[in-house]
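Let's take a walk through this protein together, starting with a single term and then building up the picture piece by piece. Please have the sequence and the model open side by side.

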Amino acid sequence: MTTIFCRKLALLLLLGAPLLSASTQTKISDWPKGHGSVLSGEQAKALSKQCSRPSLTGIQTSWQPTTRQIARLELQLDRYLRQDYPAVRQQIGQRYFQYAGLTRKQHRFIYINVIDEYAQNNPDWRHTAMIMCDGGDHFWGVEYDPSTEKFSAIVFNSGL
């Protein structure tokens, strides 16, 4: 009887393991590939000066987020948008993301500057801060705290 129980348990574990790992996957299947870029140095700090939305204040330095931090950010951003901004999430395939590691009051955060398909026509978007005036909800920004995995409220550019 113990042998049968052990075999059933082993079979259950073998069959259940793939189901468990599939349900806890952290990959975003429909997140746009190649639509993100980490800016560094002065270009990262330049994102703090916005045109049609409030500029970031108290920025001291920039830092370089890791690939792992960006992957985690994108996972959390996907969840955040699905829950709080579903209309914005529906348009995610037409958006491009500039990530900037910034420090304010000795606290690190990642600023996400979101631009529309304009980036397709401007190859510099991967290395140069894109500060857009007007444009409404096609352009927005949000702060992400990697230590708490929380976002500030999204701030959209004003309209024309």
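A residue is called buried when its relative accessible area is under 20%, exposed when that area is over 50%, and partly exposed in between. With a relative accessible area of 22%, Arg104 is therefore partly exposed. Keep in mind as we go that this is a predicted model.

Let's stay with Arg104 for a moment. This arginine lies in strand S3. Setting aside neighbours within four places in sequence, Arg104 is in contact with Leu56, Thr57, Gly58, Ile59, Gln60, Phe109 and Glu143. One of these partners, Thr57, places its backbone oxygen 2.9 Å from a polar atom of the Arg104 side chain. Thr61 is another residue to look for here: the C-alpha atoms of Arg104 and Thr61 are 7.6 Å apart, although 43 residues separate the two in sequence.

Now step back to the whole chain. It contains 4 helices and 7 strands, and from the N terminus on these elements follow the order α-β-α-β-α-α-β-β-β-β-β. Of its 160 residues, 38% count as buried. Among contacts with a separation of 6 or more, 68% are made by residues 24 or more positions apart. The chain exposes about 9,600 Å², and carbon and sulfur atoms supply 56% of that area.

How confident is the predictor? The average pLDDT of the protein chain is 83, and 81% of the residues score at least 70. Residues 1-26 have a pLDDT below 50, and beyond near neighbours in sequence this stretch has 2 contacts in the model.

Next, find helix H3, which covers residues 67-84. Its 18 residues reach 25 Å from the first C-alpha to the last, close to the 26 Å expected at 1.5 Å a residue. Which residues of H3 are buried? They are Ile70, Leu73, Glu74, Leu75, Gln76, Leu77, Asp78, Tyr80 and Leu81. An α-helix has 3.6 residues a turn, so residues three or four places apart point the same way. Try tracing Ile70, Leu73 and Leu77, which are among the buried residues, on your own display. The cover over the buried residues of H3 includes helix H4 (86-90) and the strands S1 (36-39), S3 (96-104), S4 (107-115), S5 (140-145) and S6 (150-151). Strand S3 is also where we met Arg104.

The chain has one more feature to visit, a covalent one. The disulfide count comes to 1, and the pair is Cys51 and Cys133, with sulfur atoms 1.8 Å apart. The link is right-handed, with 110° about the S-S bond. What does this pair tie together? Cys51 lies in the loop between helix H2 (41-46) and strand S2 (59-63), while Cys133 lies in the loop between S4 and S5, so the disulfide joins parts that are 82 residues apart in sequence. Are its two ends buried or exposed? Cys51 counts as partly exposed at 41% relative accessibility, and Cys133 is partly exposed too, at 46%.

The loop between H2 and S2 also holds Pro54. This proline has a relative accessible area of 61%, so it counts as exposed. Pro54 and Asn157 are 103 residues apart in sequence, yet their C-alpha atoms are 8.8 Å apart in space.

Notes: Residues are numbered from 1 along each chain as its sequence is written. This is a predicted model: local features need pLDDT of at least 70, side-chain atom pairs count only at pLDDT 80 or more; totals for chains, interfaces and linings use all residues. Side-chain values use heavy atoms; hydrogens and water are left out. Helices (H or I, at least four residues) and strands (E, at least two) are DSSP runs, numbered from the N terminus. Buried means under 20% relative accessible area, exposed over 50%, partly exposed in between (1.4 Å probe, protein chains only). Contact means heavy atoms within 4.5 Å. Accessible areas come from the Shrake-Rupley method with a 1.4 Å probe; for residues, only the protein chains shown count as cover. The expected span of a helix is 1.5 Å times one less than its number of residues. A disulfide is a pair of cysteine sulfur atoms within 2.5 Å. pLDDT is the predictor's confidence in each residue, from 0 to 100. A polar contact is a pair of N or O atoms within 3.5 Å; within protein, one must be able to donate a hydrogen and the other to accept it, and residues adjacent in sequence count only if both atoms are side-chain atoms.
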